[in-house]
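Visitor: I am new to this structure and would like a close look at a single part of it rather than a tour of the whole. Could you choose a starting point and follow the connections from there?

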Amino acid sequence: MSEAKLREEICAIGASIFARGLTTGSCGNISVKTEEGWLMTPTGSSLGRLDPARLSKLGHDGRLVSGDPPTKESFLHRVMYEERAATGAVVHLHSTHSVAVSCLAEIDPADVLPPITAYYVMRVGRMPLVPYFRPGYLQLAEAVRGFAGKHHAVLLANHGPVVAGSDLDAAVNAIEELEETAKLYLLLRSAETRYLTGLQVMELQG
């Protein structure tokens, strides 16, 4: 896909995410890998009002080549690319239900959400909780690095999810599945729930 089309795709998906309430204000960021480096949403920008011409273009060294300065959370994206060679895109949101789950004391930090649906298992799988660090701090990037080699999706405590995919569609589909599963988990908390069995999970992952 040409760079021009990638720019348009980032903006179209950003607008869709924003319109459906998966992010608000200037929260959330998107990046896509290119032959020359990365395209990334700029700092302080709303995903609902992105300008293709103003997206941040970064070289392989992470330096700004053109466009507006990148999101201050660009290091989260770079860690996922560095630790996962097959990554083609990364999406980070502050989506309501995922953030709510990230604040619960009851969750298992090694595997935050139970296997409620087959699609969650196939698109997300096991997802760890990354301990809380102040947004923008490099310690957060190093904490994510510790999980990124084994997990393409992580949940930042009291913050939100970061998801890597082979391309932008894969990353978006996974983070949306994660948000819907977080919503289901919150809806089912007070009910006796039948989760997928270990054997069923193994069949989906095999």
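**From one loop to a set of paired strands**

Guide: Asn158 counts as partly exposed, because its relative accessibility is 46%, where buried means under 20% relative accessible area, exposed over 50% and partly exposed in between, with a 1.4 Å probe and protein chains only. Everything here comes from a predicted model, in which local features need pLDDT of at least 70 and side-chain atom pairs pLDDT 80 or more, while totals for chains, interfaces and linings use all residues. Residues are numbered from 1 along each chain as its sequence is written, and side-chain values use heavy atoms, leaving out hydrogens and water.

Asn158 sits in the loop that runs between β7 (153-156) and β8 (160-165), the helices (H or I, at least four residues) and strands (E, at least two) being DSSP runs numbered from the N terminus. Although Asn158 is not a glycine, its phi is positive, at about 55°. Most residues other than glycine have a negative phi.

The two strands on either side of this loop lead us to helix α2 (residues 74-83), since β7 and β8 are among the elements against which the buried residues of α2 pack; contact here means heavy atoms within 4.5 Å. Helix α2 is mostly covered, with seven of its 10 residues buried, and these are Ser74, Phe75, Leu76, His77, Val79, Met80 and Tyr81. Besides β7 and β8, the buried residues of α2 pack against β5 (89-92) and α5 (138-148), and also against β1 and β2, and with those last two strands we come to the part that I would like to follow slowly.

Strand β1 (residues 29-34) and strand β2 (residues 37-40) run antiparallel and are joined by four bridges, two strands being counted as a pair if DSSP finds at least two bridges between them. The chain passes from β1 to β2 through a hairpin of two residues, and within the pair Ser31 stands opposite Met40 of β2. Met40 also has a partner on the next strand, for it stands opposite Ser56 in β3.

Strand β3 (residues 56-59) is antiparallel to β2, and four bridges join the two. Alongside the pairing of Met40 with Ser56, Gly37 has Gly59 of β3 as its bridge partner. In a regular strand the side chains alternate between the two faces of the sheet. How many faces of β3 are covered? Both faces of β3 are covered, as Ser56 and Leu58 on one side are buried, and so are Lys57 and Gly59 on the other.

From β3 the pairing goes on to strand β4 (residues 64-66), again in the antiparallel sense, over two bridges. Lys57, one of the buried residues of β3, has Ser66 in β4 as its bridge partner. The hairpin of β3 and β4 has four residues between the strands, and in this hairpin Gly62 takes a positive phi near 85°.

Looking back along the path, we began at a residue with a positive phi, Asn158, in the loop between β7 and β8, and crossed helix α2, whose buried residues pack against β7 and β8 as well as β1 and β2. From there the antiparallel pairings led from β1 to β2, from β2 to β3 and from β3 to β4, ending at a hairpin where Gly62, too, has a positive phi.
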